[in-house]
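Let's walk through this protein together, one question at a time. Have the sequence and the 3D view open as you read.

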Amino acid sequence: MSGIDMSGALAAKKAAGAQGLCASCDRCRARKTKCDGNRPCGNCASKYMKKHKLTSLVGVDPNLFECVYSPAKRRGPVPGKAGAARKASEVLAVQHEAQAQLSQLHPGQPFG
């Protein structure tokens, strides 16, 4: 029976990864606290309970909590920037080669 529970948990993790959501909610990330990943997470639930002076969350709509999971930020190089640097170096190499050929054809004249 635990195998069924584990496969359900793995499917939920894969679904969250496909959407690209962060592992912690925005509030936990801003406060740099541990987020349990539930909806709502424990920190947001306890904040809501303290704010509204509740002793339990039974019958409370989960949409009332301010527990939001934002999409993950894209990391790595900016697309197009690395290619532009490579292209610029290729252009410089071609210019240098052209200057070398011109200097061989016309040895007394400075080019570049």
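The questions below start with confidence and then move through the core, the helices and the loops.

Q: Which element of the protein has the lowest mean pLDDT, and which the highest?
A: Keep in mind that this is a predicted model, with a mean pLDDT of 77 for the protein and 75% of its residues at 70 or more. Where pLDDT is low, the predicted coordinates should not be read in detail. Among the elements, the lowest mean, 48, belongs to helix 1 (residues 2–19), and the highest, 94, to helix 2.

Q: How many contacts beyond four places in sequence does the model have for residues 1–11?
A: This is a stretch to treat with care, since pLDDT stays under 50 over residues 1–11. For contacts beyond four places in sequence, the model's count here is 0.

Q: Which element gives the most to the largest nonpolar core?
A: In soluble globular proteins, nonpolar side chains tend to be buried together. Here the largest nonpolar core has 10 residues, including Cys-25, Cys-28, Phe-65, Cys-67 and Tyr-69. With 3 residues, the element that gives the most to this core is helix 3.

Q: Why do the buried residues of helix 3 line one face of the helix, and what is the arc?
A: Helix 3 covers residues 42–51, and its buried residues are Cys-44, Ala-45 and Tyr-48. Seen down the helix axis, they line one face because they fall within an arc of 100°. An α-helix has 3.6 residues a turn, so residues three or four places apart point the same way. What covers the buried residues of helix 3 includes helix 2 (26–31). The arc asked for is 100°.

Q: How many disulfides does the structure hold?
A: A disulfide is a covalent bond between the sulfur atoms of two cysteines. For Cys-25, the closest cysteine sulfur is in Cys-28, and at 3.5 Å that is too far for a bond. Across the structure, the number of disulfides is 0.

Q: Is Cys-25 buried or exposed, and what is its relative accessible area?
A: Cys-25 belongs to the largest nonpolar core. Leaving aside neighbours within four places in sequence, Cys-25 is in contact with several residues, among them Cys-35, Cys-41, Cys-44 and Val-68. Cys-25 is buried, and its relative accessible area is 0%.

Q: Which residues is Ser-24 in contact with, leaving aside its neighbours within four places in sequence?
A: Ser-24 sits in the loop between helix 1 and helix 2. Ser-24 counts as buried because its relative accessibility is 19%, and the cut-off for buried is under 20%. Its contacts, with those neighbours left aside, are Arg-29, Cys-35 and Tyr-69.

Q: What is omega near for the peptide bond from Arg-39 to Pro-40?
A: Most residues other than glycine have a negative phi, and most peptide bonds are trans. Pro-40 lies in the loop between helix 2 and helix 3. The bond from Arg-39 to Pro-40 is cis, with omega near -5°.

Q: Is Lys-32 buried or exposed, and what is its relative accessible area?
A: Lys-32 is in the loop between helix 2 and helix 3. Although Lys-32 is not a glycine, its phi is positive, about 55°. Lys-32 is exposed, with a relative accessible area of 76%.

Q: Which value is phi of Lys-53 near?
A: Lys-53 is found just after helix 3, in the loop between helix 3 and helix 4 (81–105). Lys-53 is exposed, with a relative accessible area of 75%. Lys-53 is a residue other than glycine, yet its phi is positive, near 55°.

Methods. Residues numbered from 1 in each chain as written. Predicted model: local features only at pLDDT ≥ 70, side-chain atom pairs only at ≥ 80, totals over all residues. Heavy atoms only, no water. Buried < 20%, exposed > 50% of the residue type's maximum accessible area, 1.4 Å probe, protein only. Helix = DSSP H or I, 4+ residues; strand = E, 2+ residues; numbered from the N terminus. Arc of directions from axis to C-beta. Contact = heavy atoms within 4.5 Å. Disulfide = S-S within 2.5 Å. pLDDT = per-residue confidence, 0-100. Core = buried A, V, L, I, M, F, W, Y, C linked by side-chain atoms within 4.5 Å.
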